[in-house]
Amino acid sequence: TDMRHTIDLTDADFLDTLDAGGLVLVDFWAPWCAPCKAFGPIFEEVAGEHPDATFAKVNTQEQQGIAAGLGIRSIPTLMIVRDGVVLGMQAGMLPAEALRDLVRQAEGLDMEKVRAEVATS
């Protein structure tokens, strides 16, 4: 099936998507990057398993402003956001199981506690 479970983000909708709430995973990639190509289907597969989360992709070649603004130097890089709070950035290609673990961890967080930690740092 050619059903995509991911969305493509641009400057126009990047911040809105992060602020929309819930769990958002962003895959920063480029067409010339071999590990990105290998990670693409894994990201897509895990996205299909989590319909309640947003799995988004940013083509860093086309969206250089977003990548530069976040200081992304290596791709693929995965950004994990929940309820508008950036939980982390993970550089490098991830196997499916590692990606599933990250999703599980992010879903299991106590966001009130996370927000309190962010507020005090």
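How many bridges join β2 to strand β4, and do the two run parallel or antiparallel? There are six, and the strands run antiparallel. Keep in mind that this is a predicted model. Here's a quick tour of β2, its neighbours and one residue in β3.

**Strand β2 and its partners**
- β2 covers residues 23-29 and is mostly tucked away, with six of its seven residues buried.
- On the β4 side, the partner strand spans residues 77-82, and L25 of β2 stands opposite I80 there.
- β2 also pairs with β3 (residues 54-59), this time in the parallel sense, again over six bridges.
- L25 turns up in this pairing too: its bridge partner in β3 is F55.
- To get from β2 to β3, the chain passes through helix α2 (residues 34-49), making a right-handed β-α-β crossover.

**A closer look at V58**
- V58 sits in strand β3, the strand that pairs with β2 in the parallel sense.
- Why does V58 count as buried? Its relative accessibility is 0%, and the cut-off for buried is under 20%.
- Leaving aside residues up to four places away in sequence, V58 touches L9, F14, V26, D27, F28, W29, Q63 and I66.
- Looking further along the chain, Q90 is 32 residues from V58 in sequence, and their C-alpha atoms are 15 Å apart in space.

**One thing to keep in mind for the strands**
- In a regular strand, side chains alternate between the two faces of the sheet.

Conventions:
Residues numbered from 1 in each chain as written. Predicted model: local features only at pLDDT ≥ 70, side-chain atom pairs only at ≥ 80, totals over all residues. Heavy atoms only, no water. Buried < 20%, exposed > 50% of the residue type's maximum accessible area, 1.4 Å probe, protein only. Helix = DSSP H or I, 4+ residues; strand = E, 2+ residues; numbered from the N terminus. Pairing = 2+ DSSP bridges. Right-handed = clockwise from strand over helix to strand, strands pointing away. Contact = heavy atoms within 4.5 Å.
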